[in-house]
2 protein chains.
Amino acid sequence: MQSPASLAVAYRANGRKLTPQRQLIFQLMHENETHPTAEDLYAQASAQMPGISLRTVYQTLNELAEMGELQFIEIGSGATRFDPNVGDHHHAVCDSCGQIRDVHVRGAATLRPTDSTDFVINEVGVVFRGICSACETSRRKGSTQRGAKSPVQQAKASKK
Amino acid sequence: MQSPASLAVAYRANGRKLTPQRQLIFQLMHENETHPTAEDLYAQASAQMPGISLRTVYQTLNELAEMGELQFIEIGSGATRFDPNVGDHHHAVCDSCGQIRDVHVRGAATLRPTDSTDFVINEVGVVFRGICSACETSRRKGSTQRGAKSPVQQAKASKK
DNA sequence: TGCTAATTAGCAAGACTTGCAAATTAGATC
DNA sequence: GATCTAATTTGCAAGTCTTGCTAATTAGCA
Ligand SMILES: [Mn+2]
Ligand SMILES: [Mn+2]
Ligand SMILES: [Zn+2]
Ligand SMILES: [Zn+2]
């Protein structure tokens with residue numbers, strides 16, 4: 001699934017209706033590479049469809065996830081991020097700006113624990129945490145780099 | 001840091017006090033292999049120290065994280081789970097019961113994205129999702145296994 | 001053109017976590 | 001041991017994110 005055309009098919013297959021709201025959200029989500037939050041999407045959707053509700057955005061995202069059209073990503077920075085790319089890929093998270101970018105990792109799919117052999121693995125996810133080039137650059141230019149905080153701590157601190 | 005003895009040192013080093021609450025939480029956390037939530041810990045702590053507040057549990061966990069004594073784990077199932085093990089290890093999450101177990105993965109630390117080379121990596125995390133042996137067993141005994149839901153969907157559904 | 005089940009919008013409420021301020025206390029000082 | 005004070009704990013209000021509920025609306029079908 002990638003084209004809006006087959007979106008109708010996917011929805012019908014699930015006994016669901018193809019509403020303007022659903023079409024818009026699906027479209028916005030595929031135009032967006034940033035792994036946005038529901039709120040992010042809501043803002044974008046509102047611009048093109050004034051009156052659309054945040055509730056509908058959440059509902060649609062949940063449906064699409066159920067239909068296997070997208071995945072949720074939780075990096076512990078508050079709101080859930082969503083990802084229209086359900087193919088084989090992984091993520092690099094910048095601990096400074098929170099950006100999540102797609103990355104590919106050779107051999108990731110075949111990684112296995114050296115212990116816990118009695119566990120049926122359905123999925124392997126790799127997450128890299130670090131600093132993106134943009135943040136690294138601005139950081140060198142004398143920004144106040146304080147003592148190291150864990151990614152989570154940082155995420156939580158930035159909420160304030 | 002592992003022993004309660006050095007806990008005092010760690011706290012002092014940070015200009016902090018060694019309170020009974022902090023000692024208890026630290027102890028409980030090291031006795032616990034389940035990657036419990038703050039609420040889980042609060043329940044355990046309350047048993048031994050009636051009157052301790054949930055607020056204090058959260059506060060202490062945050063402090064310990066800042067001090068590098070523990071890490072937070074977010075698997076998208078609601079509450080944050082905490083992990084007293086800050087050493088090199090990874091996790092296997094059961095999509096059925098939510099259990100998180102520690103696993104080791106050979107070569108995980110040296111994994112690198114094949115793309116995004118302009119990213120300074122501080123940490124590599126691997127998460128396996130699947131079904132634990134306990135769930136797999138009970139599942140075979142005719143339990144009602146419904147259609148596949150994503151891990152997150154399942155986590156959210158189980159909240160209701 | 002009507003019918004009806006599905007969907008939307010709006011708002012209340014739930015789950016988890018943090019802010020705040022008054023009361024308490026660990027640890028230093030005398 | 002008694003005193004002092006900054007740090008800590010509590011309790012509760014409030015914040016953030018997400019979902020429950022239901023009246024009004026609408027897509028898709030006859
Ligand atoms: Mn992605
Ligand atoms: Mn662990
Ligand atoms: Zn960055
Ligand atoms: Zn299980």
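These are my notebook entries on two DNA strands, two metal sites and a few single residues in a predicted model.

**Ground rules**

I number residues from 1 along each chain as its sequence is written, with chains lettered from A and ligands numbered from 1 in the order in which they are written. Since I am reading a predicted model, local features need pLDDT of at least 70 and side-chain atom pairs count only at pLDDT 80 or more, while totals for chains, interfaces and linings use all residues; side-chain values use heavy atoms, with hydrogens and water left out.

**Entry: DNA strand C**

I began by asking which residues come nearest to DNA strand C. I found 22 residues around the strand, and the nearest are Thr19(A), Arg22(A), Thr56(A), Arg55(B) and Tyr58(B). (I call a residue near a strand or molecule if one of its heavy atoms lies within 4 Å of it.)

I then looked at which parts of the strand face the protein. Of the atoms of DNA strand C within 4 Å of the protein, 68% are sugar or phosphate atoms and the rest belong to bases.

Next I looked up polar contacts, meaning pairs of N or O atoms within 3.5 Å; within protein, one must be able to donate a hydrogen and the other to accept it, and residues adjacent in sequence count only if both atoms are side-chain atoms. Arg55(B) places a polar side-chain atom 2.8 Å from a base oxygen of DNA strand C. Asn62(B) has a polar side-chain atom 3.2 Å from a phosphate oxygen of this strand. For Thr80(B), a polar backbone atom is 2.8 Å from a phosphate oxygen of DNA strand C. The elements giving two or more residues to this surface are α2 (20-31) and α4 (54-66) of chain A, together with α4 (54-66) of chain B. (Helices are DSSP runs of H or I with at least four residues, strands are runs of E with at least two, and both are numbered from the N terminus.)

I also sorted the surface near DNA strand C by class: five residues are nonpolar, eight polar and nine charged. (Nonpolar covers Ala, Val, Leu, Ile, Met, Phe, Trp, Tyr, Cys and Pro; charged covers Asp, Glu, Lys and Arg; the others, Gly among them, are polar.)

**Entry: DNA strand D**

How many residues surround DNA strand D? I count 22, and the closest are Arg55(A), Tyr58(A), Thr19(B), Arg22(B) and Thr56(B). Of the strand D atoms within 4 Å of the protein, 68% are from sugar or phosphate and the rest from bases.

Three contacts went into my notes. Lys17(A) has a side-chain N or O atom 2.9 Å from a base nitrogen of DNA strand D. Gln21(B) brings a polar side-chain atom to 3.1 Å from a sugar or linking oxygen of the strand. In the side chain of Thr56(B), an N or O atom is 2.5 Å from a phosphate oxygen of DNA strand D. Here α4 of chain A, with α2 (20-31) and α4 of chain B, are the elements giving two or more residues to the surface. By class, I read five nonpolar, eight polar and nine charged residues near DNA strand D.

**Entry: the manganese ion (ligand 2)**

Which residues coordinate this manganese ion? I found His35(B) (NE2), Asp83(B) (OD), His89(B) (NE2), His91(B) (NE2) and Asp102(B) (OD), at 2.0 to 2.3 Å. (Donors are N, O and S atoms within 2.8 Å of the metal, or 3.2 Å for Na, K and Ca; water is not among the atoms, so sites may look incomplete.) The donor residues are spaced H-x47-D-x5-H-x1-H-x10-D in sequence.

I looked at His35(B) again: this residue sits in the loop between α2 and α3 (38-48) of chain B. His35(B) has a positive phi of about 55 degrees although it is not a glycine. Is His35(B) buried or exposed? His35(B) is buried, because its relative accessible area is 1%. (Buried means under 20% relative accessible area, exposed over 50%, partly exposed in between, with a 1.4 Å probe and protein chains only.) His89(B) is also buried, at 8%, and His91(B) is buried at 8%.

**Entry: the zinc ion (ligand 4)**

I list four protein donors for this zinc ion: Cys94(B) (SG), Cys97(B) (SG), Cys132(B) (SG) and Cys135(B) (SG), lying 2.2 to 2.4 Å from the metal. Their spacing along the chain is C-x2-C-x34-C-x2-C. Why do I call the arrangement tetrahedral? The donor atoms subtend angles of 105 to 117 degrees, so the arrangement is tetrahedral. (Four donors count as tetrahedral if all angles lie between 85 and 135 degrees.)

Cys94(B) is buried at 1% relative accessibility, as is Cys132(B) at 1%, whereas Cys97(B) is partly exposed at 44%.

Definitions and conventions
Four donors count as tetrahedral if all angles lie between 85 and 135 degrees; four count as square planar and six as octahedral if opposite donors are over 155 degrees apart and all others between 65 and 115; anything else is irregular.
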